[in-house]
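Hi,

Here is the structure I said I would pass on. Have a look at it first, and my notes follow underneath.

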Amino acid sequence: MKAARLHLRLSAFFDKPTQPNYLADLRHVYIAATSLLTAVIDLPSETLLYVPRYIEQMMLAGAVTLLKLLNSSFESHVDVPAGRSLFSRSVKTLRQLSVRSNDLPQRLAEVMAQLWHTSGASEQRMFSGGDDSNLKDEGLQLKVRCRSSLSVLFDAIWRWRQQVGQTGREGLAQ
């Protein structure tokens, strides 16, 4: 039920920041993401071996939701230290879903860790639109809109590729 709730709440990222309930929708998607991630993380470790692929995908969507919201102008509306801790524990749990070396859960956990490092460590945040508060809210909108709840993951990877590509081009120019 928590995965379904998150799946439905992720539609908040498809809305425009000018929508009347935009902040409330972002708050609801944050609550849905933290609720699902906490429930999966708290499962006994032997149960994690039997987690369906759908729950793994929704964990990814929940982790990217935290990534987006904690590294945007919305961070002032949530408990950032608790969100960062939950994100870190989510990456650890994704690694525990791995059944062999270099399988999909392990690679996705590494991608999530890289996305976190890139989005929070740089001065220009990945999900901020600019200095204007309206533009910052637009940074949460999805540029890549496909596959419903996984659009959040694909959008984060797309933004990461753009940011890394820009940094790489700057390095080549020197």
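**Salt bridges and the core**

Glu 110 has a relative accessible area of 34%, so it counts as partly exposed. Keep in mind as you read that this is a predicted model.

I started with Glu 110 because that partly exposed residue has a charged partner: its side chain forms a salt bridge with Arg 95, and the closest N and O atoms are 2.9 Å apart. The two residues connect distant parts of the chain, with Glu 110 in helix α5 (residues 104-121) and Arg 95 in helix α4, 15 residues apart. Arg 95 is partly exposed too, at 38% relative accessibility.

How many salt bridges does the structure hold? The count is three, so here are the other two, starting with Asp 42 and Arg 89, whose side chains meet at 4.0 Å, N to O. This pair also links distant parts of the chain: Asp 42 sits in the loop between α2 (22-41) and α3 (53-70), while Arg 89 belongs to helix α4 (residues 80-96), 47 residues apart. Asp 42 is exposed, with a relative accessible area of 55%, whereas Arg 89 comes out as partly exposed at 35%.

The remaining one joins Glu 56 to Arg 53, with 2.7 Å between the closest N and O atoms. Here both partners lie in helix α3, three residues apart, or about one turn of the helix. Is Glu 56 buried or exposed? It counts as buried, because its relative accessibility is 7% and the cut-off for buried is under 20%. Its partner Arg 53 is partly exposed, at 37%.

Now for the nonpolar side of things. The largest nonpolar core has 47 residues. If you want places to click, the residues with the most contacts inside this core are Leu 6, Leu 10, Phe 13, Leu 26, Leu 69, Phe 87 and Met 112. Which helices supply at least two residues each? They are α1 (2-9), α2, α3, α4, α5 and α7 (151-173). The largest share comes from α3, with eleven residues.

That makes α3 a handy place to begin looking: this helix holds the Glu 56 and Arg 53 pair, and it also gives the core its largest share. After that, try α4, which carries Arg 89 and Arg 95 and supplies at least two core residues as well.

Cheers

Notes. Residues are numbered from 1 along each chain as its sequence is written. This is a predicted model: local features need pLDDT of at least 70, side-chain atom pairs count only at pLDDT 80 or more; totals for chains, interfaces and linings use all residues. Side-chain values use heavy atoms; hydrogens and water are left out. Helices (H or I, at least four residues) and strands (E, at least two) are DSSP runs, numbered from the N terminus. Buried means under 20% relative accessible area, exposed over 50%, partly exposed in between (1.4 Å probe, protein chains only). A nonpolar core is a set of buried Ala, Val, Leu, Ile, Met, Phe, Trp, Tyr and Cys residues joined through side-chain atoms within 4.5 Å.
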